[in-house]
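Reader: I am new to structures like this one. Could we look at it together, and could you tell me what lies behind the terms you use?

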Amino acid sequence: MTLRKDFLWGGAVAAHQLEGGWNAGGKGPSVADVMTAGANGVERQITDGVIDGLNYPNHEAIDFYHRYKEDLKLFADLGLNCFRTSIAWTRIFPKGDELEPNEEGLQFYDDLFDECLANGIEPVITLSHFEMPYHLVTEYGGFRNRKLIDFFVRFAEVVMKRYKNKVKYWMTFNEINNQANFNRDFAPFTNSGLKFTDSDNREQVMYQAAHYELVASAKVVELGHQINPDFEIGCMIAMCPIYPATCKPEDMMAATVAMQRRYWFADVHVRGHYPAYLKAYFNRKKFNLDITDEDLSALEKGCVDYIGFSYYMSFAIKDQADQTDRVHLHGDIDEHGYQRELGAPAFDYLEDSDLVKNDYVKASEWGWQIDPMGLRWSMSWFYERYEKPLFIVENGFGAVDEVEPDGSIHDQYRIDYLEAHIKAMKDAVEFEGVDLMGYTPWGFIDLVSAGTGEMKKRYGMIYVDKDNEGNGTLDRSEKDSFAWYHDVIKSNGENL
Ligand code: P53
């Protein structure tokens, strides 16, 4: 079996990480606009509004807002037949709770999508990629508030109607499951606009917000199919498979439960109901969640058409009773008063403290464990579980690039990473019979890192001259991986 003839070969980005123009054309501030630049191992700060004198890297990003025409030509030269980006909610509804959209923002995406189509590139659109209106955080508490469902559905309805003849492929919430890591501030804020107080039960708040998002997503799937029956609307899951660190039965069980805590979101998106393991968990934890019968019926009616997912790395876990060798992939362990019974039969999972290093694989400079086989494993897992088409909408290698005196960039390490992952993806198609729609490597044009706010953590085949402090010409140039990927696309994945 080979890849589909109409395989979608593309590249992926998100509005807030490349557009810039953060307050141009009537755009309002988003959650991304109040996050400062961090560094490797240094978290980004979430500030109370935009504070003068601080470095907010998304404000200018790589200025795609003003340069998209030239950039699209370059994307066409690269050979892309699709381009995954997001619509910045704040260009359309600057505050998020308005009744009428901002025409200038709508026009921007009309022009952008026209330019894509003129270059033979199909837009693939994420509705919410870490960039909800900041006003919805300060006025409503983000997605902890049920009102957010209507605000999101209104936004989605406006853009789906407006672009119904230009965009066919949609996704609702980017990496909705990152917030499984609720003890840290980053994912709950970027996913859901959540800021916690000391008295919050973080986990309960996260489940509530995720529930409202899943309902909002399901409503949008149903509505989208009414707007245009040809739409294909997917979810978007951050897939980091969690392996048991050893074949000790307790490690195996710990890994199974950890997978449930990270991937139940996909169960609801795809099957339209809450899985038994999660209902049991809610009961045991005595969470007080607002889940109505109308919500449950909306979930049933809005199952996604395909599973979009990102894949960068795999995780490993040991039974919590075994406290040795604990590392942590996201910074220091923070306690938040969470007490667990060690070795308890429930195998409760805390993402910020339970993961261990996998000695069988190497890691990137940012500690992301490189594991191409994990991609094949993930595809196999998704497909046997759901039997829905898959779309790899992010994959890539964040690395520091050196520019040679003649301007060339020899990023063989990136080619090696992508090649190994494309091979693994083809294996999943050939050997496991997975139905795969496409592949869009992340940040194929250098952009602002979501996790750290750096420019230096580069994923691109196209180099952008800008550093962490914001200096540089913003000129674009081709790295070695550019010609390589061009050839991969041209041969439909045969020449690696
Ligand atoms: P950066 C964590 C784990 C996996 C994917 O990430 C993640 C994150 C958040 O940092 O995010 C996705 O830029 C996300 C993109 C992001 C990309 O992966 O931190 O959808 O917005 O840029 C890479 O290296």
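**Terms and what supports them**

Author: Happily! The shell around the ligand divides into 8 nonpolar, 5 polar and 3 charged residues. Here Ala, Val, Leu, Ile, Met, Phe, Trp, Tyr, Cys and Pro count as nonpolar, Asp, Glu, Lys and Arg as charged, and the others, Gly among them, as polar. This is a predicted model, in which local features need pLDDT of at least 70 and side-chain atom pairs pLDDT 80 or more, while totals for chains, interfaces and linings use all residues. Residues are numbered from 1 along each chain as its sequence is written, and side-chain values use heavy atoms, leaving out hydrogens and water.

Reader: Which residues come nearest to the ligand?

Author: Of the 16 residues around the ligand, they are Q17, A450, G451, K457 and Y459. A residue is near a molecule if one of its heavy atoms lies within 4 Å of it.

Reader: What makes the pair of Q17 and the ligand a polar contact?

Author: A polar contact is a pair of N or O atoms within 3.5 Å; within protein, one must be able to donate a hydrogen and the other to accept it, and residues adjacent in sequence count only if both atoms are side-chain atoms. An N or O atom in the Q17 side chain is 2.7 Å from a ligand oxygen, so the pair meets the distance limit. The side chain of W442 has such an atom 3.3 Å from a ligand oxygen, and G451 has a backbone N or O atom at 2.8 Å from one. The protein buries 94% of the 480 Å² that the ligand exposes taken alone, by the Shrake-Rupley method with a 1.4 Å probe, where for residues only the protein chains shown count as cover.

Reader: Why is the pair of Y140 and F151 called edge-to-face?

Author: Rings of Phe, Tyr and Trp (its six-membered ring) pair if their centres lie within 6.5 Å; planes under 30 degrees apart count as stacked, over 60 as edge-to-face and the rest as tilted. The whole structure has 42 aromatic pairs. In this one the centres are 5.1 Å apart and the planes at 70°, so the pair is edge-to-face.

Reader: How do you know that β10 and β11 pair?

Author: Strands pair if DSSP finds at least two bridges between them, and strands (E, at least two residues) and helices (H or I, at least four) are DSSP runs, numbered from the N terminus. Strand β10 (residues 390-394) and β11 have 2 bridges in the parallel sense, so they qualify. L390 stands opposite L436 in β11.
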